[in-house]
Amino acid sequence: MIWSANPIIERMTLVWHNHFATSNAKVASVPLMHQQNELLRRHSIGSFESMLNDMSRDPAMLIWLDGGNNKRRAPNENFARELFELFGLGIGNYTEKDIKESARSFTGWTLRASQFYYDESQHDPKPKTVLGKTGPWTGGDVVRITVEHPACARFIALKILREFAENDPSPQAIDAFATVLRQHKMEIAPSLRTLFQSEYFYHADRLGAVIKSPIQLVVGSLISLRANDESLPNTSVHLANVVRLLGRLGQDVFEPPNVKGWDGGRTWIQSATMLDRIRFVSALVHKSDFGTIPASNAITQSKLSAGNPQASPNRDVANANKVNGVPKSTLDVLSATLLAQPINSAQRKELAGLSGGCSVRVTGIRSCCIRCLHCPSINWLKGVMFDWAFVHRSSEEIHVPLETLQRNSR
Amino acid sequence: MTAQNRRSFNQQLAAASMVSMSGVPPLFLTQALADQKSSKADRTKQPILVMVQMGGGNDGLNTVVPYQHDTYLKARPALKVGSGAALKISGSDLGLHPQLAELHRLYNQGLVGIVQGVGYPNPDRSHFRSMDIWHSANPAGKRFDEGWLGKALKQQLASNTGSQAMPAISLGTEKFPLMLNTSGLPIPNIQNANEYRLDLGVSGSAKTEQADRVRKLSQVANAKVATPAAKDLEFLRSTTTLALDSSTRLEALAGTHPAIIPTADLLSN
């Protein structure tokens, strides 16, 4: 996530990890968790149906939801229930009978030598009725019937809107994006492209409408400050401590709390995690537990954000005062880089007043940076990837047409 | 909880500090409670209500066992607790599982209450919805923002003039329990009291100055009226204030009441 040249792939891989929330606490196999992670990455912006199909045969998932123990005479309903409740439809769109019949369709799905195996002798071949459709269904049929159900597109639409646009989208917004998903046959990339170019997405009401997850805060901040750019002098990330911090903030990757995944939104924020969030942002732009990030990185990043890919940390940092030829204060430049929302006049007074005007000397940049990072809006999602990840490095490799995105965002 | 206890619960709540735990109960709390019992302990006379939430699976029928019922005996053909093994609850046809001997002893002293058959009509069998209903006591709920304990606390404090700066704390490694959720009450959650500190990377007057600025920056932040951001900002603001206040208070307590603050030794036990 921190170093990827394809941030949208990593971003969506994380979204799906939370959607198909599987924990190594039960799977207890790093190779199988890795295999599932590769599955999510492979399908991250592809067809949702293909992903769901492969996921129903994924070894880690078969262990996680007991799908590997689904016998003809003793169907296990765990996977079937979550397929409807958490992966495909959401509560209220299916019955207990649908779950039982669906579990029968998945009988025979099992593991051999830690990989998927179809044991025909354990499959129940009799007809089943799932979501109103009757036939001698297998697991693959159930996946198809699930994705065809109108509730599926709405369910996935809600999930994606909550990730990128707002925590509590209106039914109209969900319906609109569900229509987009259906038009694109549940293909993720073209649907995201439409979303990221929409007026809805850039509407003022969406500003600050998503609270950053720990990963968005931590990875986003590191990328915004170019901690991932090894070409910059004295710049490094201490990954082990970053991962430990994510756990304290409530987001242990590969160990979501349960099959529902992380709840997100306000549940990320409580007094203990707020203290840890403040500790983290205070330690950035220092040599700290989390790595070394010179303050000049922030200005370099700001130039890139302003569309100047030739920016180098060796240039006179005073140049940063000009953005697209318009002179701006360091404070303006930094807050535009780091925060989802421009600082207001009261905050400006608070930030600049105490620092004697926030000069552009490096110590000044550093304290300016820390002050911006202490603004509460640091907790709001800013960009579509991990903050401004998409404005640096090889943006042509990214699958979303960023030129359009940036143009529309003005 | 017996009927008598239930009635006095609300009265006690008004005066009580409250502790709610989720996940693994930290050892220091057990220690703190033991200290409080000892005559030496210099403690306020106010009672503390401790609520322990143990999440996870439990076979209710084999915890409080209807050991004579045919339906039970049919439902648990292999795992049934027979009438010989069950720890009888006098005046009823129920017994406790033989592993619950300590609980049974406390029950006989009148220190344990049991509520049976808690549920909601037409359960949809979603674990998650069921837990949301359990925490909110709201079977008809579509959204679950407020927990029953938070709501009860808020009502009691509203009718009580001397409201406390920190009426309850939540301890444990899990996320903040929905049960305690309520808007407008400062309830911190603490995973490890030794690490519950404001750390700005500086000390002394610089720390005071920066902490003050963090507080002011959150106070003066604004957002477009009636947007999701405006509501979330209010929440971020109150949580920031709570984090700053409660960490300061806990740090001060560590100096004056070391007994209730866990040491590294206690926690590593």
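Here are some exercises with worked solutions on the predicted model shown above.

**Exercise 1. Decide where chain A should be read with care.**

Step 1. Start with the overall confidence: chain A averages a pLDDT of 82, and 83% of the residues score at least 70.

Step 2. Now look for the weak stretches. The pLDDT is below 50 over residues 354–361 of chain A, a stretch with 17 contacts beyond near neighbours in sequence. Residues 387–410 of chain A also have a pLDDT below 50, and this stretch has 58 contacts beyond near neighbours in sequence.

Step 3. Draw the lesson: where pLDDT is low, the predicted coordinates should not be read in detail.

**Exercise 2. Describe chain B in a few numbers.**

Step 1. Count the elements: chain B has nine helices and seven strands.

Step 2. Ask how much is hidden. Of its 269 residues, 33% count as buried. The area that chain B exposes is about 15,700 Å², with 55% of it supplied by carbon and sulfur atoms.

Step 3. Look at the contacts in chain B between residues at least 6 apart in sequence: 55% of them join residues at least 24 apart.

**Exercise 3. Describe how chain A and chain B meet.**

Step 1. Count the residues that take part: 44 of chain A are in contact with 42 of chain B.

Step 2. Turn to area. The size of an interface is often given as the accessible area lost when the parts come together. Here, the area buried between chain A and chain B is about 4,000 Å², and carbon and sulfur atoms give 60% of it. Arg266(A), Ser271(A) and Leu275(A) supply 15% of the area that chain A buries against chain B, more than any other three residues.

Step 3. Add the polar side of the picture. Between the two chains there are three salt bridges, and nine residue pairs are in polar contact across the interface. In one salt bridge, Asp232(B) pairs with Arg266(A), with the closest N and O atoms 2.9 Å apart.

Step 4. Find the helices involved. Among those of chain A that each supply at least two residues of the side touching chain B are H6 (78–88) and H15 (271–283). H15(A) gives the largest share of that side, seven residues.

**Exercise 4. Compare the settings of some salt bridges within a chain.**

Step 1. Recall the principle: side chains of opposite charge can pair when their charged atoms come close. The structure holds 28 salt bridges over all chains.

Step 2. Take a pair within one helix. Glu148(A) and Arg144(A) form a salt bridge, their closest N and O atoms being 3.7 Å apart. Because these residues are four apart in helix H8 (residues 139–148) of chain A, about one helical turn separates them. Glu148(A) is partly exposed at 44% relative accessible area, and Arg144(A) is partly exposed at 27%.

Step 3. Take a pair from two helices. Asp245(B) and Arg215(B) meet in a salt bridge at 3.0 Å, N to O. This pair links distant parts of the chain, with Asp245(B) in helix H8 (residues 228–256) of chain B and Arg215(B) in helix H7 (residues 204–220), 30 residues apart.

Step 4. Finish with a network. Salt bridges that share partners join Glu77(A), Arg81(A), Glu96(A) and Lys100(A) into one network. Within it, Arg81(A) forms a salt bridge with Glu77(A), with the closest N and O atoms 4.0 Å apart.

Step 5. Buried or partly exposed: which describes Arg81(A)? Buried means under 20% relative accessible area, so Arg81(A), at 8%, counts as buried. Glu77(A), at 24%, counts as partly exposed.

Methods. Residues are numbered from 1 along each chain as its sequence is written. Chains are lettered from A and ligands numbered from 1 in the order in which they are written. This is a predicted model: local features need pLDDT of at least 70, side-chain atom pairs count only at pLDDT 80 or more; totals for chains, interfaces and linings use all residues. Side-chain values use heavy atoms; hydrogens and water are left out. pLDDT is the predictor's confidence in each residue, from 0 to 100. Contact means heavy atoms within 4.5 Å. Buried means under 20% relative accessible area, exposed over 50%, partly exposed in between (1.4 Å probe, protein chains only). Accessible areas come from the Shrake-Rupley method with a 1.4 Å probe; for residues, only the protein chains shown count as cover. Buried area is the accessible area (1.4 Å probe) that two parts lose on being put together, summed over both. A salt bridge is a side-chain nitrogen of Lys or Arg within 4 Å of a carboxyl oxygen of Asp or Glu. A polar contact is a pair of N or O atoms within 3.5 Å; within protein, one must be able to donate a hydrogen and the other to accept it, and residues adjacent in sequence count only if both atoms are side-chain atoms.
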